[in-house]
Amino acid sequence: MAGLSLSGLSLSGLAPGPVSPVGRAEAQTLPGLGLSTYGTPGLIDMPSATAMPDGTLSSTIFAMRPSARATLSFQATPRLTLSFRYARVQEPDYRLRTGNALHDRSFDLHYLLLQEGRYAPSVAIGLRDFIGTGLFSSEYIVASRAVTPRLRVSAGLGWGRMATRDNPLRDTGRFRGEGGLIEFGRFFRGRPAPFAGVEYQATDRLTLMAEYSSDMYQLESTRAVRDSDPPVVVEPSFRPRTPLNLGFRYQASPATTLAGYIMHGTTIGFSATFALNPAQPAHGGVQVTAPSPILRRPTPPAGGEFSTSWAANAVGQGPRLRAALAPALAQEGVRLEGIELEPRRAVLRVTNQRHEVLPRAIGRTARVMTRALPHSVEEIVIIPMHGGVAGTAVTLRRSDLERHEFDPDGAARILAGARFSDPLGFPGVGRVWQPLPEGRNRFEWAIGPYVQTSFFDPSQPIRGDVGVQAIARLNAAENLSFNLTLRQRVFGNIDQGTLSPPTITDPRFTPRVRTGAFRYSSDRLTVERMTMDYTLRPGPDLYGRLTLGWLERMYAGASAELLWSPADSRLALGAEVNYVAQRSPHSFLGVNDLRIATGHVSAYYDFGGGFMGQIDAGRYLAGDVGASLRLERAFANGLRVGAYATLTNMPFDQFGEGSFDKGITLTIPLTSLLGRPTTAMPSNVLQSLNRDGGAMLRVPGRLYPTIQDSRARALRSGWGAVLQ
Amino acid sequence: MIRAFTFPRLSRLAPVLLVGAVALAGCGNSPELGSTGLNALGADVRSLLNRDGAEAQRLRPTEGFPGLDPALIAGQTVPMMGAYLEDRQALAGLVVLEAGGGVVNWRTADNTGLALSPAGMLVATRGLGADLHTADSARTAALIAAGQGGTARRRHVYLDGVYRPVTVDLTCTVTPAGAETLVLNNRSLRTIRFDETCRGDDVAITNRYWRDASGPLIRQSSQWVSPGAGTIHLQRLIE
């Protein structure tokens with residue numbers, strides 16, 4: 001490769017901002033996503049009958065003295081927009097927390113009933129703040145229509161908070177019990193109020209908006225008398241003068257929109273929206289180095305088959321082959337774990353260390369193999385390893401690779417000839433013992449930073465710890481390791497959390513299994529995890545796991561799991577049992593007297609199109625019995641957006657605020673932000689509140705998440721990357 | 001979660017991130033163990049640090065069709081090509097990594113790859129980010145080889161952010177634009193220029209080819225890659 005060092009110059013300067021691969025605009029007349037101050041499809045405060053491009057995840061921050069709200073919206077299907085909002089509202093007398101800022105979570109649902117037709121407008125229906133305590137609680141139906149390519153008008157009817165222009169506030173008693181429930185009976189009740197708006201695209205980047213709002217911020221603008229001794233009159237923070245709102249939106253980049261507003265003739269507001277559309281990669285595409293070219297074999301000799309006579313002399317050549325292949329694969333971000341060479345087949349076990357999408361790692365492995373294998377080897381079997389667990393075996397035909405490298409339908413043609421199967425039975429894949437691969441370190445370690453966050457503490461919505469973490473692993477085998485994670489906080493405030501008042505009085509339930517988790521954060525050196533981790537393959541399509549030790553920050557004990565997951569099936573089933581002791585918050589390794597048996601049976605289902613469902617039923621940490629439902633949309637680049645809810649036999653009043661456990665799960669591949677490949681995928685769970693009901697153990701290495709990327713259906717969904 | 005969404009383009013954040021670079025870097029003997037998002041960000045900070053000002057100066061083209069510094073070519077004997085990516089003002093030399101199956105794989109020193117037909121039509125790019133996954137321009141190639149004008153269909157395939165192929169079909173007109181003499185690597189070469197103008201649903205592009213007057217080899221060309229990468233200019237410097 002000496003000839004390559006001709007110039008230090010590179011073609012790959014930092015790419016310009018996100019660019020659609022073909023520059024094709026989505027079917028929207030105006031630029032940008034068109035999100036309101038609520039971060040949902042709309043104008044200013046009012047909705048419009050539009051949607052974001054399918055799969056788009058957006059976050060909108062809106063500030064208007066003295067309120068602010070941050071909204072996360074997801075276009076779950078082409079017509080359905082789901083939003084989660086965290087708002088800070090300052091108003092005089094809200095649920096008697098007089099004069100103080102109120103932090104409130106809310107969920108919205110916006111559904112496009114009709115797409116804009118040749119003559120017909122688009123029509124959408126929506127529920128704003130339909131779960132929870134109902135600060136923004138309102139419902140609407142709205143129609144929108146592009147009058148010219150630059151001008152869109154919208155008009156609709158609003159209920160609830162969106163009917164407060166002419167009506168006196170009719171329903172301040174929308175709150176009942178502990179909140180957190182959907183109360184169908186109150187939707188679309190009372191007299192509705194009309195609203196309307198217009199958007200005009202002034203330039204490529206600038207859109208001007210005006211709307212006649214039906215929300216007069218009545219809660220915020222009501223003068224209140226504090227029911228204290230002596231009574232105090234609290235003046236409103238906001239006095240609307242007119243129903244008219246004016247605003248502009250500026251498309252700063254394809255991903256960023258900035259907007260400014262004059263609200264009700266009295267106050268100005270600002271918003272910023274950042275959007276992530278998985279179909280439109282940041283920087284125009286992932287910047288990944290060019291792969292090894294596929295080496296084409298010569299035409300086979302007259303008999304039509306290549307000779308296999310080399311195999312007789314190949315005894316003992318394994319280590320040499322390994323030594324030659326390992327560095328070439330390492331260049332492609334793939335670690336070689338093992339290779340078994342047969343006259344007409346090669347079986348490789350590899351670990352993907354770089355690529356956010358597994359088929360790219362498989363394609364690159366296969367490319368290197370075309371350059372190294374004897375001519376007679378036609379089948380290339382690649383088994384992706386996930387820790388000690390072997391994922392789906394992918395069998396590729398070498399002649400397909402040779403034929404279709406630059407074929408416009410190349411990936412599809414290679415896929416047509418590919419086979420996906422259970423790796424058990426292939427040489428080199430063990431049932432109960434997977435020896436440590438040659439060249440792998442028996443002792444592995446890493447020191448790096450960590451960030452831990454805690455959301456929605458009543459006194460401070462976001463808390464965090466930052467520190468240094470040391471991870472050490474002793475590999476007895478590839479499927480048996482001893483793991484230690486130590487953490488030393490450098491600074492942070494999670495430990496200053498507030499211990500909510502106890503709600504569990506029923507002796508059937510154990511209190512404080514998750515509430516008070518903040519007490520486990522401190523400035524001391526802590527053992528985050530110290531475990532023995534073992535995985536095995538008890539039989540075809542069956543996976544097993546045994547984890548012993550200090551499993552997570554709050555619990556120590558034993559955890560065993562069995563998973564049935566055929567390589568090419570929509571359905572997988574699992575069961576997990578755990579017996580744990582609660583760790584003492586301020587002890588290095590000690591536990592307190594609490595012993596808990598908990599476990600679940602689980603069903604996982606792939607509905608297609610990336611929609612995944614999961615049901616877990618069993619006994620939760622507090623001894624409550626019930627089930628969790630999880631729905632998630634997974635994209636081939638690793639982006640995952642989901643929501644879950646858990647209902648158990650714990651009554652809502654025992655559960656406390658929120659009534660039952662529910663939340664949002666997000667996994668964001670760093671590749672989509674950085675524009676270069678990495679397997680790093682930070683994930684976050686936004687729980688409505690960390691309560692004791694419906695709480696699960698957080699065991700590291702659960703089986704389904706470990707192997708889900710190498711299920712055949714997941715591989716097919718990202719298969720386009722195989723020749724990338 | 002907000003943290004993850006509020007990143008503007010990383011390049012603009014560089015000064016801020018530099019402060020945290022040391023803390024973020026991390027160390028260890030196992031890439032998997034340390035693989036938190038923070039470490040990955042740390043790596044990006046380091047790669048930004050490596051882009052020094054001197055390099056940026058050399059990337060700036062002078063005027064017209066920029067060429068490689070003759071000093072870089074002097075004394076080389078392997079086949080070489082100069083490439084200039086207009087939108088990024090990036091210039092590189094490429095050599096042949098491998099040829100076969102009707103495709104020649106060219107590489108830069110930092111593993112950016114261009115796949116060309118033996119005559120010099122762009123087939124694919126890798127490592128640019130906004131890559132041309134593959135292109136079928138057989139008809140245009142045939143017209144140019146025959147020295148004729150005419151219409152041709154051209155098909156480009158790109159991958160979207162979730163690796164689905166996005167096909168762009170283009171209808172092109174190839175026009176011979178007369179003889180031109182090029183000076184490449186101190187050699188004076190007689191060529192015939194061909195202009196290819198293409199239209200698709202949302203794109204209109206123009207490619208240019210300077211074919212050797214007495215053979216099929218395209219000595220110089222300007223070929224469109226993608227909306228994100230723009231047009232690439234290629235010069236065959238050493239055969």
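A residue counts as buried when its relative accessible area is under 20%. The model discussed here is predicted.

**Chain B overall**

By that cut-off, 52% of the 239 residues of chain B are buried. Chain B contains six helices and 13 strands. Its accessible surface is about 10300 Å², and carbon and sulfur atoms hold 52% of that area. Sequence-distant pairs matter to the count of contacts: among contacts in chain B with a separation of 6 or more, 40% are between residues 24 or more positions apart.

**The disulfide**

How many disulfides are there over all chains? The count is one. Cys172(B) and Cys198(B) form the link, with an S to S distance of 2.2 Å. The cut-off for a disulfide is a sulfur pair within 2.5 Å, so this pair qualifies. The angle about the S-S bond is 110°, and the link is right-handed. The two cysteines lie 26 residues apart, so the bond joins distant parts of the chain. Cys172(B) sits in strand β9 (residues 165-184) of chain B, and Cys198(B) in strand β10 (residues 187-199) of chain B.

Are these cysteines buried or exposed? Cys172(B) is buried because its relative accessible area is 0%. Cys198(B) is at 2%, so it is buried as well.

The table lists these two cysteines together with Arg487(A), a residue of chain A taken up below.

| Residue | Relative accessible area | State |
|---|---|---|
| Cys172(B) | 0% | buried |
| Cys198(B) | 2% | buried |
| Arg487(A) | 13% | buried |

**Arg487 in chain A**

Arg487(A) belongs to strand β23 (residues 480-492) of chain A. With a relative accessible area of 13%, Arg487(A) falls under the 20% cut-off and therefore counts as buried. Which side chain makes a polar contact with that of Arg487(A)? Gln452(A) does, at 3.4 Å.

Leaving out residues up to four places away in sequence, Arg487(A) touches Tyr450(A), Gln452(A), Val468(A) and Gln469(A), and also Arg524(A), Leu525(A), Thr526(A) and Glu528(A). Gln452(A) is thus listed among the residues touched and is also the polar partner.

**Helix α4 in chain A**

Helix α4 of chain A covers residues 358-372, which is 15 residues. At 1.5 Å a residue, the helix should span 21 Å. Its end C-alpha atoms are 22 Å apart, which agrees. Of the 15 residues of α4(A), 13 are buried, so the helix is largely enclosed by the rest of the structure. An α-helix has 3.6 residues a turn, so residues three or four places apart point the same way.

Definitions and conventions:
Residues numbered from 1 in each chain as written. Chains lettered and ligands numbered in written order. Predicted model: local features only at pLDDT ≥ 70, side-chain atom pairs only at ≥ 80, totals over all residues. Heavy atoms only, no water. Helix = DSSP H or I, 4+ residues; strand = E, 2+ residues; numbered from the N terminus. Buried < 20%, exposed > 50% of the residue type's maximum accessible area, 1.4 Å probe, protein only. Polar contact = N/O pair within 3.5 Å; in protein donor to acceptor, adjacent residues only side chain to side chain. Contact = heavy atoms within 4.5 Å. Areas by Shrake-Rupley, 256 points an atom, 1.4 Å probe, with all protein chains shown as cover. Expected span 1.5 Å × (residues − 1).
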